[in-house]
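Trainee: I would like to know how the labels used for a protein model are arrived at.
Mentor: Then let us take them one at a time and set each value against its rule.

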Amino acid sequence: MAHAKTSYVCLPCRASYKQPYPGYHHHDRVCPRCAEPLIHVGSAFAAPKRRDTAAWRTLSVLLHAGVRFHKSCCGGPGYRPRALSEVRERMAYARATGEPFARALVRRDLP
């Protein structure tokens, strides 16, 4: 039986790779194009098209805030913003309320 795979992303190349889950003896993964470290984003990740720069910019903000795309008990990672305008709204809300950025970014509705 084949091992399950998960997604890794290279932000400078705007590329996504499916690779086996990291094990005890695995080393850090590097991009085959630019040799930069890959970011483990989770198994429920769907990469935007390479030419969609706004989506990759949004993804970069999410990843740098610590948001990942792991499956939950209900089947998916939950809400993730797809547009920069949604990210800006949630960042402004986090600054105004003092809520951590990562929690504000995955909030489906703002109060």
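**Labels and their reasons**

Mentor: We start with Arg14, which sits in the loop between strand S1 (5-10) and S2. Keep in mind that this is a predicted model.

Trainee: What makes the phi of Arg14 worth a remark?
Mentor: The phi of Arg14 is positive, about 55 degrees, although Arg14 is not a glycine.

Trainee: Why is Arg14 called partly exposed?
Mentor: Its relative accessibility is 29%. Buried means under 20% and exposed means over 50%. The value for Arg14 falls in between, so the label is partly exposed.

Trainee: Where is Ala35, and what is said of its phi?
Mentor: Ala35 is placed in the loop between S2 and S3. Ala35 is not a glycine, yet its phi is positive, at about 65 degrees.

Trainee: Why does Ala35 count as exposed?
Mentor: Because its relative accessibility of 54% is over the 50% that the label requires.

Trainee: How many disulfides are there?
Mentor: The count is 0.

Trainee: How do you know that Cys13 is in no disulfide?
Mentor: The nearest cysteine sulfur to that of Cys13 belongs to Cys34 and is 3.5 Å away. A disulfide needs the two sulfur atoms within 2.5 Å. The distance does not meet that limit, so Cys13 is in no disulfide. Seen from Cys34, the nearest cysteine sulfur is that of Cys13, at 3.5 Å, and Cys34 is in no disulfide either.

Trainee: Are these two cysteines buried or exposed, or something in between?
Mentor: Cys13 has a relative accessibility of 16%, which is under 20%, so Cys13 counts as buried. Cys34 has 30%, which lies between the two limits, so Cys34 counts as partly exposed.

Trainee: What is the position of Trp56, and why is Trp56 called buried?
Mentor: Trp56 is in helix H1. Its relative accessible area is 5%, and since buried means under 20%, the label follows.

Trainee: Which residues does Trp56 touch, leaving aside its neighbours within four places in sequence?
Mentor: Trp56 is in contact with Val9, Cys10, Leu11, Arg14, Ala15, Pro48, Lys49 and Arg50. One of these, Arg14, is 42 residues from Trp56 along the chain, while their C-alpha atoms are separated by 7.0 Å.

Trainee: What makes Phe45 and Phe69 an aromatic pair, and why is the pair called edge-to-face?
Mentor: Their ring centres are 5.2 Å apart. The limit for a pair is 6.5 Å, so the two rings qualify. The planes stand at 65 degrees to each other, and over 60 counts as edge-to-face, so that is the name used. By this rule the count of aromatic pairs is 1.

Trainee: Why is this pair said to tie parts together?
Mentor: Phe45 lies in the loop between strand S3 (39-42) and helix H1 (53-64), and Phe69 lies in the loop between H1 and helix H2 (84-97), so the pair ties together parts that are 24 residues apart in sequence.

Trainee: How do you know that Phe45 and Phe69 are buried?
Mentor: Phe45 is at 9% relative accessibility, and Phe69 has a relative accessible area of 9%. Buried means under 20%, so the label applies to Phe45 and to Phe69.

Trainee: Why is Glu99 called buried?
Mentor: Glu99 is at 12% relative accessibility, which is under 20%, so Glu99 counts as buried. Glu99 is placed in the loop between H2 and helix H3 (101-105). Apart from neighbours within four places in sequence, Glu99 is in contact with Tyr93, Ala94, Ala104 and Arg107.

Trainee: And why is Pro20 called partly exposed?
Mentor: Pro20 is at 38%, between 20% and 50%, so the label is partly exposed. Pro20 is found in strand S2 (residues 15-20). Leaving out neighbours within four places in sequence, its contacts are Ala4, Lys5, Thr6, Tyr8 and Arg29.

Trainee: What can be said of the protein chain as a whole?
Mentor: There are 3 helices and 3 strands, and from the N terminus on the elements run β-β-β-α-α-α. Buried residues make up 34% of the 111 residues.

Technical notes
Residues numbered from 1 in each chain as written. Predicted model: local features only at pLDDT ≥ 70, side-chain atom pairs only at ≥ 80, totals over all residues. Heavy atoms only, no water. Helix = DSSP H or I, 4+ residues; strand = E, 2+ residues; numbered from the N terminus. Buried < 20%, exposed > 50% of the residue type's maximum accessible area, 1.4 Å probe, protein only. Contact = heavy atoms within 4.5 Å. Phe/Tyr/Trp six-rings, centres within 6.5 Å; stacked < 30°, edge-to-face > 60°.
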